[in-house]
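The following exercises introduce a protein structure step by step. Each task is followed by a worked solution.

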Amino acid sequence: MLKLVLGGSGSGKTTLLYSRIKARAEQGRRSILLVPEQFTSSTEGRIYRELGDALSGMVESFSFTSLAERILSAEGGAAVQTLSDAGRAVLVRRALEELQDHVHYYYRHRRSAAFCQMAAQTIDELKSAGLSGAQLAELAPDCGPESGKLSELALIFQGYETLLAGTGMDPADRLEAALARGELPDFLREREVFIDEFDTFNAPKKRLMGAMLAALPTVTVALCDDGAPMVPGDMGLFSGAKQVAAQLRQLARKNGADAAV
């Protein structure tokens, strides 16, 4: 089942999640709390403060990427290195160097660290949206005046993918590799999952959430909606949270799970 916890900033969503996690811990039941990468350290501290020595060991906190690492570790597939942002930018530069005869718009920027970092971020966003370099190459010719630049970006993307295959994984690939393992490992099946502090979910995250919705009894997601009236269940007509909640309900139905607010 998908459970949605909705409300504005300061409305007590996170406090409610911790109270549910603590109640489960007191019953001897384990939980997983998923938060964005930048909140993992502060989340560990809050878990200890809220649950104390005796109960804090009953909950593990992860980002989606570190959860994918944990899944791969449980399944024996964690040996491949995950590249840092700097490592991904280096691969973009190497791809540009190898494509020098085919890239005219972007080749002159190959020695710019800022450009290579920006290109790596763009590739990451495309991968998160579910696009490969080959798919972008197919779409680029129909994109009007920008088709030339997009075609070159597709070449860089494909060159990056080729180099990445022999070097390591980026964070998005970690999620895909975890999903490719098939069934969720036992350590995850035994727990209830709580998800907090996210505004949206990219394609790999949604696929992992879909796998959890299909296999686990309950996945609870807290969504912040500061633009909506403070009425339980009313998220406002144009609320971003409303759109995300609708997407999650659809994801739950697709994976045979009920949804409740």
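**Exercise 1.** Which residues point one way from E2 and which the other way, and are they buried or exposed?

*Solution.* The structure is a predicted model, in which local features need pLDDT of at least 70 and side-chain atom pairs count only at pLDDT 80 or more, while totals for chains, interfaces and linings use all residues. Residues are numbered from 1 along each chain as its sequence is written, and side-chain values use heavy atoms, with hydrogens and water left out.

Step 1. Helices (H or I, at least four residues) and strands (E, at least two) are DSSP runs, numbered from the N terminus. Strand E2 covers residues 31-34.

Step 2. From E2, Ser31 and Leu33 point one way, and Ile32 and Leu34 point the other way.

Step 3. All of these residues are buried; the term stands for under 20% relative accessible area, with exposed over 50% and partly exposed in between (1.4 Å probe, protein chains only).

**Exercise 2.** Determine the order of the strands in the sheet, and identify the strands at its edges.

*Solution.* Step 1. Two strands pair if DSSP finds at least two bridges between them. The 6 strands form an open sheet in the order E3-E2-E4-E5-E1-E6, with parallel pairing.

Step 2. Strand E3 (59-62) and strand E6 (259-260) each have a single partner strand and stand at the edges, so one side of each has no neighbour in the sheet.

Step 3. E2 and E3 run parallel and are joined by 4 bridges. Within E3, Glu60 is the bridge partner of Ile32.

Step 4. Strand E1 (residues 2-7) pairs with strand E5 (residues 219-224) in the parallel sense over 6 bridges. Here Leu4 stands opposite Val221 in E5.

**Exercise 3.** Describe how helices H3 and H10 lie across the strands, and locate the buried residues of H3.

*Solution.* Step 1. Axes are lines fitted to C-alpha atoms, for helices over the stretch in contact, and angles run from 0 to 180 degrees between N-to-C directions. H3 lies across E2, E3 and strand E4 (192-195), and runs at about 115° to E3.

Step 2. Helix H10 (residues 203-215) lies across E1, E2, E4 and E5, at about 135° to E5.

Step 3. The buried residues of H3 (residues 64-74) include Phe64, Thr65, Leu67, Ala68, Ile71 and Leu72. These residues are on the same side of H3, because they cover an arc of only 160° around the axis, where the arc is that of the directions from the helix axis to the C-beta atoms.

Step 4. A general rule is useful here: an α-helix has 3.6 residues a turn, so residues three or four places apart point the same way.

**Exercise 4.** Compare the packing of H4 with H5 and of H5 with H7.

*Solution.* Step 1. Helix H4 (residues 85-98) and helix H5 (residues 113-128) have axes 8 Å apart and pack at an angle of about 100°. H4 is therefore roughly perpendicular to H5; angles of 65 to 115 degrees count as such, those under 35 as roughly parallel, those over 145 as roughly antiparallel and the rest as oblique.

Step 2. Contact means heavy atoms within 4.5 Å. Residues making this contact include Val92 and Leu96 of H4, and Phe115 and Ile123 of H5.

Step 3. By class, the contact of H4 with H5 has 8 nonpolar, 2 polar and 3 charged residues. In this scheme Ala, Val, Leu, Ile, Met, Phe, Trp, Tyr, Cys and Pro count as nonpolar, Asp, Glu, Lys and Arg as charged, and the others, Gly among them, as polar.

Step 4. The axes of H5 and helix H7 (residues 147-165) cross at roughly 85° and come within 11 Å, which makes H5 roughly perpendicular to H7.

Step 5. Thr122, Ile123, Leu126 and Lys127 in H5 meet Leu153, Ile156, Phe157 and Tyr160 in H7. The contact of H5 with H7 has 6 nonpolar, 1 polar and 1 charged residues.

**Exercise 5.** Classify Arg24, Arg49 and Glu197 by their accessibility.

*Solution.* Step 1. Arg24 is in helix H1 (residues 13-26) and counts as buried, because its relative accessibility is 8%. Beyond residues up to four places away in sequence, Arg24 touches residues including Ser31, Glu192 and Phe194.

Step 2. Arg49 is in helix H2 (residues 40-56) and counts as exposed, at 62% relative accessibility.

Step 3. Glu197 is in the loop between E4 and H10 and counts as partly exposed, at 41% relative accessibility. Although Glu197 is not a glycine, it has a positive phi of about 75°.
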